[in-house]
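I opened this structure for the first time today. My notes follow in the order I looked things up.

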Amino acid sequence: MGCNMSMDNLSKMNKQAVVHTLSTDLNLTDEQKQLIKDSWELFEPKKTAIGRKMFVNLFQVYPEMQNLFPEFRGQGNIDKLEETKFLNGHAKRLMTAVENSVNSLNDFESCSTYLQELGRRHKIRKLKPHYLERMGAAMMLAFKELYPDLWTEEADEAWNNLYKYISNMMTTGLNAP
Ligand code: HEM
């Protein structure tokens with residue numbers, strides 16, 4: 001079941017659509033893990049471009065979210081930001097976290113502590129679970145836009161499952177006392 005994300009879907013994402021039951025399982029078959037690893041090898045050289053595209057997608061629909069990131073605060077319209085250094089900070093850090101997750105696919109337990117800790121560190125950054133959903137939708141759309149031929153329904157489902165795991169782990173850390 002692919003999610004076939006579009007800007008329209010992204011903009012319609014319901015603010016209330018928060019994950020209520022957080023699964024701590026990595027819901028991926030061996031085939032899906034392999035698909036993610038194989039596709040990441042192709043995405044990796046363009047990971048900065050993917051990260052930039054993701055933020056452009058996110059801010060085009062939710063411009064107010066620029067204020068959550070110090071590097072974007074007060075920088076004005078995203079169209080003017082696109083070619084500047086401003087998109088290299090958090091975009092890079094986020095893609096590194098995704099890369100770490102891909103590299104831990106066969107030992108995912110070890111990654112869950114890292115991701116929960118990452119979520120915990122986002123408490124002071126005003127992160128809300130529904131922001132993570134928006135970010136995920138913007139990321140999937142970036143993959144699809146930059147790699148239309150690789151972005152099959154199978155790739156969409158596998159990457160969505162991986163992102164859901166990342167997001168659930170971060171939310172667990174975020175909600176921890
Ligand atoms: C809308 C959701 C998010 C918000 C509002 C947010 C906000 C922030 C802010 C304000 C910082 C510190 C300044 C900076 O690096 O720009 C930061 C750092 C960081 N963020 Fe996020 N973030 C979000 C989602 C994510 C996601 C989904 C990931 C990873 C998958 C991530 C990974 C990181 C990493 C690795 C750092 C570097 C510092 C650290 O390790 O704590 N962030 N984030």
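**Notebook: helices, core and ligand**

I began with a single helix, α3, in what is a predicted model. I counted 15 residues in α3. From its first C-alpha to its last, α3 reaches 22 Å, close to the 21 Å expected at 1.5 Å a residue.

Next I looked up which residues of α3 are buried. My list reads Ile50, Gly51, Arg52, Lys53, Met54, Phe55, Asn57, Leu58 and Phe59.

I then stepped back to the whole chain. I found eight helices and zero strands. Read from the N terminus on, the order is α-α-α-α-α-α-α-α. The chain has 177 residues, and 31% of them count as buried. I also checked contacts with a separation of 6 or more. Residues 24 or more positions apart account for 80% of these.

The core came next. Nonpolar side chains tend to be buried together in soluble globular proteins, so I went looking for such a cluster. The largest nonpolar core here has 32 residues. Those with the most contacts inside this core are Met54, Ala138, Met139, Ala142, Phe143 and Trp159. Which elements give two or more residues to the core? I noted α2 (30-43), α3 (47-61), α5 (90-103), α6 (108-121), α7 (129-146) and α8 (153-175).

I picked Phe143 from that core for a closer look. I left aside its neighbours within four places in sequence. Phe143 is then in contact with Phe43, Ile50, Trp151 and Trp159. Ile50 was already in my notes as a buried residue of α3.

I turned to the ligand. How many residues surround the ligand? I got 19, and the closest are Leu68, His90, Arg93, Ala97 and Tyr131. The elements that give two or more residues to this shell are α5, α6 and α7. The largest share, five residues, comes from α5. I sorted the shell by class and found 12 nonpolar, three polar and four charged residues.

My last stop was Thr172, which sits in helix α8. Is Thr172 buried, exposed or partly exposed? I found 16 other C-beta atoms within 10 Å of Thr172. Buried needs 20 or more, and exposed needs 12 or fewer. Thr172 is therefore partly exposed.

I also paired Thr172 with Ser23. These two are 149 residues apart along the chain, yet their C-alpha atoms are separated by 9.6 Å.

Terms used: Residues are numbered from 1 along each chain as its sequence is written. This is a predicted model: local features need pLDDT of at least 70, side-chain atom pairs count only at pLDDT 80 or more; totals for chains, interfaces and linings use all residues. A nonpolar core is a set of buried Ala, Val, Leu, Ile, Met, Phe, Trp, Tyr and Cys residues joined through C-beta atoms within 7 Å. Helices (H or I, at least four residues) and strands (E, at least two) are DSSP runs, numbered from the N terminus. Two residues are in contact if their C-beta atoms, placed from the backbone, lie within 7 Å. A residue is near a molecule or strand if its C-beta atom, placed from the backbone, lies within 6 Å of it. Ala, Val, Leu, Ile, Met, Phe, Trp, Tyr, Cys and Pro count as nonpolar, Asp, Glu, Lys and Arg as charged, and the others, Gly among them, as polar. The expected span of a helix is 1.5 Å times one less than its number of residues.
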